[in-house]
Amino acid sequence: MAVDAARSEEGFTSAGATRVMAAACRAAGLNNRGAELIRLGENALFRLTSVPVIVRIARSVEYLSAARKEVAVSRWLAGEGFPAARVVEDLEQPLMVDGHPVTFWHLIVDAGRAATYGELGAVLRDLHALTLPDGLELPRYSAFGLSDLRLERAAGISNDDLQFLRKRGQELKERLAELRFGSPLGPVHGDAHTDNLMVDRSGVVHLIDLENFCVDHPEWDLEVAAHEYHRLGWVTEEQYAGFVGAYGRDLREWPGFATLCAIQEFKMTTWLMQNVSEGEKVAQEVGRRIASLRDDAAPRDWLPY
């Protein structure tokens, strides 16, 4: 279902996402008065006050297949009894509003605390143990995501930096092609960090943000926490020990770990790059990241975004 909204040339900003959200809610018969923007990143997330629903808006039509996949994966996990984000059952999913895929999700009332890395390890252990059903068509992991598209659409980035990033991306693709995984294929979340977990008031840990869900090697999920600890210093030794203890594996012992880290850093940089217009702090952080990518041995003193 497609809905027209007031078009804007300003890109994916909080103001533009708000207009799309309002149009989507009108089409779905939901009251958007008082809706709160709670995240603007790869998607815009709004919390409605009229009903316990989250409205999720993707950046562009290129995300439509991912939105459809999220809906299918959510329904599969619900059937498995696996705690994860649940789509609103009685609404058409996804809506298309002015070229933006929009989906509606049941609100998870959180407990007021962040999930631990031990809980992340346990959730991934249980997820990777599931058997994918026949009929659920999932892609392989997109190691570089939408990085190429982001580079094509980049604004506010110098030509020198763009040329470097394009060359860096090609080098990493060649390194990945030579990598050999020893683990079997299975369900992979594709963006496995603690911000993609929510703990509800009964203590149940829910897996959220299913747009990158795929079938591939579990190393892609394990890399995130290992990278945040080993390269970024965002995770303490105790936190990472909790993750490894719950999952049962330390990815740093795998020879391909460095390549996965380099790909993750490239992807993180191009992701943040698309928000340079949001403020000077973001622009400075993008510059810091690009500068550090030019030297593999340089410390990654990156700010978390």
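Which helices each supply at least two residues of the lining of the second largest cavity? Select α6 (219–232) and α8 (257–273), which are the answer. The model on screen is predicted.

**Stop 1: the second largest cavity**

With α6 and α8 shown, add the lining residues Tyr141, Ala143, Trp220, Glu223, Leu260, Ile263, Gln264 and Lys267. They enclose about 30 Å³ of space. α8 makes the largest contribution to this lining, with four residues. Sorted by class, the lining has five nonpolar residues, one polar residue and two charged residues.

**Stop 2: the largest cavity**

The structure holds two cavities of 30 Å³ or more. The largest cavity has a volume of about 60 Å³. To see its wall, select Asn43, Arg56, Ala58, Tyr63, Ala66, Ala67, Glu70, Pro101, Val102, Thr103 and Glu211. Two or more of these lining residues come from each of β4 (53–58), α2 (64–80) and β6 (100–106). Colour the wall by class and the count is six nonpolar, two polar and three charged.

**Stop 3: the largest pocket**

Next, turn to the largest pocket, which holds about 1,400 Å³ of space. Its lining has 47 residues; to find the centre, select Glu42, Asp191, His193, Asn212 and Trp271, the closest to that point. Then show the elements that give two or more residues to this lining: β2 (36–40), α2, α6, α8 and α9 (280–293). The most comes from α8, with five residues. By class, the pocket lining divides into 18 nonpolar, 14 polar and 15 charged residues.

**Stop 4: His217**

Select His217, in the loop between β10 (214–216) and α6. Is its side chain in a buried or an exposed residue? His217 is buried, because its relative accessible area is 11%, under the 20% cut-off. Draw a distance from the polar atoms of the His217 side chain to the backbone oxygen of Ser183: one of them lies 2.8 Å away. Now expand the selection to contacts. Not counting residues up to four places away in sequence, His217 touches Arg140, Phe181, Ser183, Pro184, Leu185 and Val188.

**Stop 5: helix α3**

Select residues 117–128, which form helix α3. What span should its twelve residues have at 1.5 Å a residue? The expected span is 16 Å, and the end C-alpha atoms are 16 Å apart, so the two agree. Within α3, highlight the buried residues Tyr117, Glu119, Leu120, Gly121, Val123, Leu124, Leu127 and His128. The cover over these buried residues includes α2, β7 (186–188), β8 (197–199), β9 (205–207), α6 and α7 (237–247). Show those elements to see what packs over the buried residues of α3.

**Stop 6: Asn32**

Finish at Asn32, in the loop between α1 (14–28) and β2. Asn32 counts as partly exposed because its relative accessibility is 24%, in between the 20% and 50% limits. Leaving aside neighbours within four places in sequence, the contacts of Asn32 are Met21, Ala22, Cys25 and Leu48. Add Arg47 and draw the C-alpha to C-alpha distance from Asn32: the pair is 8.9 Å apart in space and 15 residues apart in sequence.

How values were computed: Residues numbered from 1 in each chain as written. Predicted model: local features only at pLDDT ≥ 70, side-chain atom pairs only at ≥ 80, totals over all residues. Heavy atoms only, no water. 1 Å grid on protein atoms, 1.4 Å probe; cavity = no way out; pocket = protein on both sides within 12 Å on 5 of 7 lines; lining within 4 Å. Points joined across faces, edges and corners; volume = space filled by probe spheres on them. Nonpolar A, V, L, I, M, F, W, Y, C, P; charged D, E, K, R; others polar. Buried < 20%, exposed > 50% of the residue type's maximum accessible area, 1.4 Å probe, protein only. Polar contact = N/O pair within 3.5 Å; in protein donor to acceptor, adjacent residues only side chain to side chain. Contact = heavy atoms within 4.5 Å. Expected span 1.5 Å × (residues − 1).
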